[in-house]
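Q: Please take a close look at one part of this structure, explaining how it is built and what surrounds it. I am in my first year, so please go step by step and connect each detail to the next.

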Amino acid sequence: MSIEVKRRLAILGSTGSIGTQALEVVSRHPEVFEVEVLTAMNNADLLIEQAARYRPNVVVILNEEKYDLVQSALDPLGIKVYSGEKAISGVVEMDTIDIVLTALVGYSGLQPTINAIRSGKTIALANKETLVVAGELVTGLAREKGVNIYPIDSEHSAIFQCMVGEFHNNIEKIILTASGGPFRGRDRNYLQKVKKEEALKHPNWDMGAKITIDSATLMNKGLEVIEAKWLFGVEKDQIEVVVHPQSIIHSMVQFEDGSIKAQMGLPDMRIPIQFALSYPSRLVSEFPRFSFSDYPNLTFEKPDLETFRNLGLAYEAMNKKGNSPCILNAANEVAVAEFLKDRVSFLGISDVVENCLAKMPYISSPTLEDYVNTDKETRIKALEIIE
Ligand code: MG
């Protein structure tokens, strides 16, 4: 299927793993996509290089200390440069944008995503934390504004692809696949001593540091369970996690007649990125193809919830609702950052999360302000626990 009208993109987090792969998709389909906005946190050099190549109208560098560097490089090209968090939230409202791809890391994705939805932009969502923290608020706002949220997370893209043509049929169950991460099959004794270098080596996916650690602790899967609940409107007992170490089946949907659809392919984030940007069309790609002869065995097993407690904690937070998932997320973001500084042990990450969930005040129907405060206060509490 071809796309007649060019789609104009804002890529938030363009220098990260998803952002750079999104630009690769763009460069393969210049007849379909146009880059209007690029934003980056710190990587000024790459941002300048990307802007010189893709010629957006506007770039934002979050780190204000890098503003002068970026501005002086891009001003001669006629590219407007802004800096700071407010600028990111502001640029998503530009009239010249059709799709906002949110590939920011963690909680920082929330406010810009809300602003983009408020101004009616289609969302290509790579920032799962946005839905974990404030899923009810974000999906409610999207419904109110008639805005579509297309998932980029490979599992949710898989579910979405299984749902195409089925939207009037009820989901009986979603089966989220998990690779199990680098420590699959290990016990707590082993995990006690693991260092960040081992945790940063994911067997199948090449991703940013935060999500790679989340994959090793299974928190990533926990966050994805909550993300699936909000994206597809299912309840907790309708989401099952299955460990599938080869990462070929990206997730499955079971319908009311018992039939299961699966979406599969090599683990390659460019496919879900491209699908989110081109939906409902599929564009050609030269990405490597899956071959059954390379994978004679696709295997499946139950997740080990006793060793990897984060997945269980995520289910708990989801069941408690209110601001609990926001607490879970903030505690985890702090714990992972501190683990990367060797200040928390691998198993200590779930201790921090569990402690914060037990100690932070519960709010049953949080407003946006409540989420902002919960996030801020949980971070302080998490650091206190770590000290
Ligand atoms: Mg995923």
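A: What follows starts with one helix and its sheet, and then moves outward to the parts around them.

Please keep in mind throughout that this is a predicted model. The part chosen is helix α7, which spans residues 154–163, together with the sheet on which it packs.

Let us begin with that sheet, an open one of four strands in the order β9-β8-β10-β11, in which the pairing is mixed. Its edges are formed by β9 (239–243) and β11 (260–264), and because each of these has a single partner strand, one side of each is left without a neighbour in the sheet. From one strand to the next, the twist averages 20°. In general, the strands of a sheet are held as pairs by backbone hydrogen bonds, and they may run either parallel or antiparallel. Here, β10 and β11 are paired in the antiparallel sense over five bridges, and if you look along this pair you will find Gln254 standing opposite Ile260 in β11. Against the sheet lies helix α7, which touches β8 (171–178), β10 and β11, and whose direction makes about 40° with that of β10.

How many of the residues of α7 are buried? The count is 10 of the 10, so the helix is largely enclosed by the rest of the structure. Read in order, the buried residues are Ser154, Glu155, His156, Ser157, Ala158, Ile159, Phe160, Gln161, Cys162 and Met163. The elements that cover them include strands β7, β8, β10 and β11, and also the helices α11 (219–232) and α12 (270–278). After α7 comes Gly165, which has a positive phi near 85°.

One residue of the sheet, His250, shows this packing in detail. His250 belongs to strand β10, which covers residues 249–255. It has a relative accessible area of 7% and is buried, because the word is used for values under 20%. Its side chain reaches the backbone oxygen of Gly265 at a distance of 2.9 Å. Leaving aside neighbours within four places in sequence, the residues in contact with His250 include Ser154, Glu155 and Ala158, as well as Thr177, Trp205 and Gly265.

Glu155 brings us to the metal site. The magnesium ion has as its protein donors Asp153 (OD), Glu155 (OE) and Glu224 (OE), which lie 2.1 Å from the ion. Along the chain, these donors follow the spacing D-x1-E-x68-E. Asp153 and Glu155 are both buried.

It also helps to place the helix within the whole chain. The domain assignment gives domain 1 (7–151), domain 2 (156–269 + 289–312) and domain 3 (321–387). The C-alpha centres of domain 1 and domain 2 are 26 Å apart, and where these two domains meet, 15 residues of domain 1 are in contact with 17 residues of domain 2.

Strand β7, named above among the elements that cover α7, leads to another sheet. This open sheet has seven strands in the order β4-β3-β2-β1-β5-β6-β7, and its pairing is parallel. At its edges stand β4 (80–83) and β7 (149–151), each with a single partner strand, so one side of each has no neighbour in the sheet. The twist here averages 20° from one strand to the next. Within this sheet, β2 (residues 33–40) and β3 (residues 58–61) pair in the parallel sense over four bridges; Val37 has Val58 in β3 as its bridge partner, while Leu38 stands opposite Val59. Helix α3 (residues 67–74) packs on this sheet, where it touches β3 and β4, and its direction makes about 175° with that of β4.

Strand β3 also illustrates a general point, namely that the side chains of a regular strand alternate between the two faces of the sheet. In β3 both faces are covered, with Val58 and Val60 on one side, Val59 and Ile61 on the other, and all four buried.

To sum up the part we began with, α7 packs on the four-stranded sheet by touching β8, β10 and β11, its residues are buried, and one of them, Glu155, is a donor of the magnesium ion.

Technical notes
Residues are numbered from 1 along each chain as its sequence is written. This is a predicted model: local features need pLDDT of at least 70, side-chain atom pairs count only at pLDDT 80 or more; totals for chains, interfaces and linings use all residues. Side-chain values use heavy atoms; hydrogens and water are left out. Two strands pair if DSSP finds at least two bridges between them. Helices (H or I, at least four residues) and strands (E, at least two) are DSSP runs, numbered from the N terminus. Axes are lines fitted to C-alpha atoms, for helices over the stretch in contact, and angles run from 0 to 180 degrees between N-to-C directions. Contact means heavy atoms within 4.5 Å. Donors are N, O and S atoms within 2.8 Å of the metal (3.2 Å for Na, K and Ca); water is not among the atoms, so sites may look incomplete. Buried means under 20% relative accessible area, exposed over 50%, partly exposed in between (1.4 Å probe, protein chains only). A polar contact is a pair of N or O atoms within 3.5 Å; within protein, one must be able to donate a hydrogen and the other to accept it, and residues adjacent in sequence count only if both atoms are side-chain atoms. Domain bounds come from an automatic or database domain assignment.
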